[in-house]
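Student: Could we go through this one together? I'd like to see how each label gets earned.
Tutor: Sure, let's have a look.

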Amino acid sequence: MLYSSEVQLLTTKTHWQQLSHPVLARYQVQLWICSVDTAIPQVSGNKCLKLKYALADVFQQQKAGVFTFGGAFSNHLSAVAASCKLLGLQSVAYVRSDSLDLNNPTLAFCAAQGMQLKTLDRSRYRQRHDAHFIRQLQQQHPQLLSLPEGGTSAEGARGVAELELAMTPEGAADLLVCASASGGTLAGIINRHTTPVLGIAVVKDRTLPEKIKQLLLPQSSTRLWQLSTDYTGAGYARFDDGLLQFCRDMARHQLYVEPIYTGKALAGLFSMITSGQIAAGSRVSFLHTGGLQGLQGLHYRGLITATDLALLSGSTAG
Ligand SMILES: Cc1ncc(COP(=O)(O)O)c(C=O)c1O
């Protein structure tokens, strides 16, 4: 069928990288990083997995595209914009902002992909999960399907569950790890695997465990999983010099992460390793969920230097 072969364009190669680092050697932990690469960097990581079935639904229901929600520097918005462009679909974004700054690299990218950008102030943005509010927006976009913020839905978790994260090139992992924000990625990993799963929360959200549980399938009720909330720092998208230093250190070990999602979660995992919470001899598989486009926004806001932008995104050797 046309829609499924086109949406396949979003699904691509899984790449494994064993991280070589003195801390891992000292604590005898084998750490494998699993990346999901697509031809379009903005769609790589968890994005292609989370969007796959939602976009297939657009074709199945013969709709013209999607409308969705996100912050002004959102990885999700850039992924939706790029995949809709690729698939010839319309995309509309409701951006959490009072005004649209088209010099912002994320919004500039989205606009260049043909995404229509609209603003919602903070109080209206809070209604983004409200069924009545979505119905009102749906009336304005009868030809578009509504896609939740972050692409987190049963379809999103279903796409993530297609990823085999437990089988590293050196054998079965003892623990599967990922960053968790809206919970769809973690839920998908739990739904797929019987291996224990650890989510590292990168947002302060007391409702996150409940959001994850709502996406679990019946067979997951006995699965071993845990959500660590110890490494959120000052909250979503906040990071300190120590975390930036950690991301630089990773880049010097050929692993490129940003400090909002993957870097924050990985720094949490390293803390768990050095505090003895991960047993020596463990083989750990960590899902690199992407998000490197966000580095440009951090640089745009003066939160990282041009040198850090180049180093963390892998465009210079550090
Ligand atoms: C780069 C990156 N990593 C991890 C996550 C967290 O995924 P989830 O919202 O499914 O928990 C996100 C958010 O979608 C993200 O953009």
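**Salt bridges and a helix pair**

Tutor: A search of the whole structure turns up five salt bridges. Keep in mind that this is a predicted model.

Student: What makes Arg192 and Glu164 a salt bridge?

Tutor: Their side chains meet at 3.1 Å, N to O. The cut-off is 4 Å between a side-chain nitrogen of Lys or Arg and a carboxyl oxygen of Asp or Glu, so the pair qualifies. This pair links distant parts of the chain: Arg192 belongs to helix 9 (residues 184-192), while Glu164 sits in the loop between helix 8 (154-160) and strand 7 (167-168), 28 residues apart.

Student: Why is Arg192 called partly exposed?

Tutor: Its relative accessible area is 35%. Buried needs under 20% and exposed needs over 50%, so Arg192 falls in between. Glu164, at 33%, is partly exposed by that reasoning.

Student: How do you know that Asp205 and Lys211 form a salt bridge?

Tutor: Here the N to O distance is 2.7 Å, and that is within 4 Å, so the name fits. Asp205 has 21% relative accessibility and counts as partly exposed; with buried set at under 20%, 21% doesn't make it. Lys211 is partly exposed too, at 32%.

Student: And what does the salt bridge of Arg248 and Asp308 tie together?

Tutor: Arg248 lies in helix 11 (residues 241-252) and Asp308 in helix 14 (residues 306-312), so the bridge joins parts 60 residues apart in sequence. The side chains meet at 2.7 Å, N to O. Arg248 and Asp308 are both buried, which means each has under 20% relative accessible area.

Student: Switching to helices, why are helix 4 and helix 5 called roughly parallel?

Tutor: Helix 4 (residues 75-87) and helix 5 (residues 105-112) pack at an angle of about 20°, with axes 8 Å apart. Angles under 35 degrees count as roughly parallel, so that's the label they get. Helix 4 passes helix 5 in a left-handed crossing.

Student: Which residues make the contact?

Tutor: From helix 4 it's Leu77, Ser78, Ala81 and Ala82, and from helix 5 it's Thr106, Phe109 and Cys110.

Student: How many of the residues in that contact are nonpolar, polar or charged?

Tutor: Five are nonpolar, two are polar and none is charged. Leu, Ala, Phe and Cys count as nonpolar, whereas Ser and Thr fall among the polar ones.

Conventions. Residues numbered from 1 in each chain as written. Predicted model: local features only at pLDDT ≥ 70, side-chain atom pairs only at ≥ 80, totals over all residues. Heavy atoms only, no water. Axes fitted to C-alpha atoms, helices over the stretch in contact; angles between N-to-C directions. Helix = DSSP H or I, 4+ residues; strand = E, 2+ residues; numbered from the N terminus. Parallel < 35°, antiparallel > 145°, perpendicular 65-115°, else oblique. Left-handed = near helix turned anticlockwise from the far one by under 90°. Contact = heavy atoms within 4.5 Å. Buried < 20%, exposed > 50% of the residue type's maximum accessible area, 1.4 Å probe, protein only.
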